[in-house]
Amino acid sequence: MSALQPLETSLNDLFVKKAPPLPDNGKKALVQYLPIINLIFGVISLLLAYGLYNSAHLVNNAAAYVNNLSQYYGGQKVVTDHFTFVVWLAIAMLAVEGVLYVLAYSPLKAHKKSGWDLTFYALIVNVVYGIVAAFTYYGGVGRLFGALITSVVGGYLLFQIRASYMKAPADAAAPKA
């Protein structure tokens, strides 16, 4: 996605050129285990999206029950709907993040830049999700700071190994017989 190229370049300057380098053995280990880490993060994100959906659905059912009970006894609607646009947006963003992480598994295992790109996009979605979640009943400022901190740490680690995905592996470049 060429629209994110300037962001990628500026973050590369920040996390690679201005930040202290990760030791070589740390980089090698991270490149080796990143596909599995992505798969785990992807499954967790998808489970969180499902959990958020179920939680909001449960709250809505309880709210409908309380409202019906209140109206039966002559009262007014007491509780509002919790399936707001922001909650739907948070569910969608968690699902997209999870799918991006899962889709990155195979390309990362093959040391392709496309796998690194998908992980970078998931990192961006995580930041946006943190901002969206800050405005939900389920989030708050703590969720925003948590997303920002994990995104900065994840960005640092991701950009430290970016060079490993900028070139094709030697065996992929060899002609097949």
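Partly exposed, as used on this tour, means a relative accessible area between the buried limit of under 20% and the exposed limit of over 50%. Keep that in mind as you click along, and remember that you are looking at a predicted model.

**Stop 1: the whole chain**

Start with a cartoon view of everything. The secondary structure comes to seven helices and zero strands, so from the N terminus on you will read α-α-α-α-α-α-α, in line with how helices and strands are numbered here. Turn the C-alpha trace onto its principal axes, and the spans are about 80 × 40 × 30 Å. The radius of gyration is 21 Å, whereas a compact globule of 177 residues would have one near 16 Å. If you colour by accessibility, 34% of the 177 residues count as buried.

**Stop 2: a nonpolar patch on the surface**

Select Tyr65, Val66, Leu69, Tyr72, Tyr73 and Val78, and show a surface. Together these residues make a nonpolar surface patch of about 720 Å². Now pick out Val66, which belongs to helix 2, residues 24–72. Is Val66 buried, partly exposed or exposed? Its relative accessibility is 36%, so Val66 counts as partly exposed.

**Stop 3: the loop before helix 5**

Move to the loop between helix 4 (105–109) and helix 5 (113–133), and select His111 there. Check its backbone: phi of His111 is near 60°, a positive value in a residue other than glycine. For context, most residues other than glycine have a negative phi. His111 counts as partly exposed because its relative accessibility is 30%.

In the loop between helix 4 and helix 5 you will also find Ala110. Ala110 counts as partly exposed too, at 33% relative accessibility. Try a distance label from Ala110 to Met166: C-alpha to C-alpha they are 12 Å apart in space, with their positions 56 residues apart in sequence.

**Stop 4: a salt-bridge network**

A search of the whole structure finds four salt bridges. Begin with Lys113 and Glu8, whose closest N and O atoms are 3.0 Å apart in a salt bridge. This pair links distant parts of the chain, as Lys113 is in helix 5 and Glu8 is in helix 1 (residues 5–17), 105 residues apart. What is the burial state of each partner? Lys113 counts as partly exposed because its relative accessibility is 21%, whereas Glu8 is buried, with a relative accessible area of 5%.

Stay on Glu8 and add Arg162. Their side chains meet in a salt bridge of 2.9 Å, N to O. Glu8 lies in helix 1 and Arg162 in the loop between helix 6 (141–160) and helix 7 (170–173), so this pair ties together parts that are 154 residues apart in sequence. Both Glu8 and Arg162 are buried.

Go back to Lys113 and bring in Asp117. These two form a salt bridge as well, with the closest N and O atoms 2.5 Å apart. Here the partners both lie in helix 5, four residues apart, about one turn of the helix. Asp117 counts as buried, because its relative accessibility is 17%. Now show all the side chains from this stop at once: salt bridges that share partners join Glu8, Lys113, Asp117 and Arg162 into one network.

**Stop 5: the aromatic cluster**

Keep Arg162 on screen and select Trp116. Arg162 lies over the face of Trp116, at 5.7 Å from the ring centre. Next, widen the selection to Phe15, Trp116, Phe120, Tyr121 and Phe159, which form one aromatic cluster.

How many aromatic pairs are there? With ring centres required to lie within 6.5 Å, the count comes to eight aromatic pairs. One of them is Trp116 with Phe120, a stacked pair with 5.5 Å centre to centre and 15° between the planes. Trp116 and Phe120 are four residues apart in helix 5, so about one helical turn separates them. Both Trp116 and Phe120 are buried.

**Last view**

To finish, leave two selections on together. One is the network of Glu8, Lys113, Asp117 and Arg162, and the other is the cluster of Phe15, Trp116, Phe120, Tyr121 and Phe159. Arg162 makes a good centre for this view, as its side chain meets that of Glu8 in a salt bridge and Arg162 also lies over the face of Trp116.

Note on methods
Residues numbered from 1 in each chain as written. Predicted model: local features only at pLDDT ≥ 70, side-chain atom pairs only at ≥ 80, totals over all residues. Heavy atoms only, no water. Helix = DSSP H or I, 4+ residues; strand = E, 2+ residues; numbered from the N terminus. Buried < 20%, exposed > 50% of the residue type's maximum accessible area, 1.4 Å probe, protein only. Phe/Tyr/Trp six-rings, centres within 6.5 Å; stacked < 30°, edge-to-face > 60°. Lys NZ or Arg CZ within 6 Å of the ring centre and 35° of its normal. Patch = residues over 30% accessible without salt bridge, like charges linked within 9 Å, V, L, I, M, F, W, Y side chains within 5 Å. Areas by Shrake-Rupley, 256 points an atom, 1.4 Å probe, with all protein chains shown as cover. Rg over C-alpha atoms; globule rule 2.2 N^0.38 Å.
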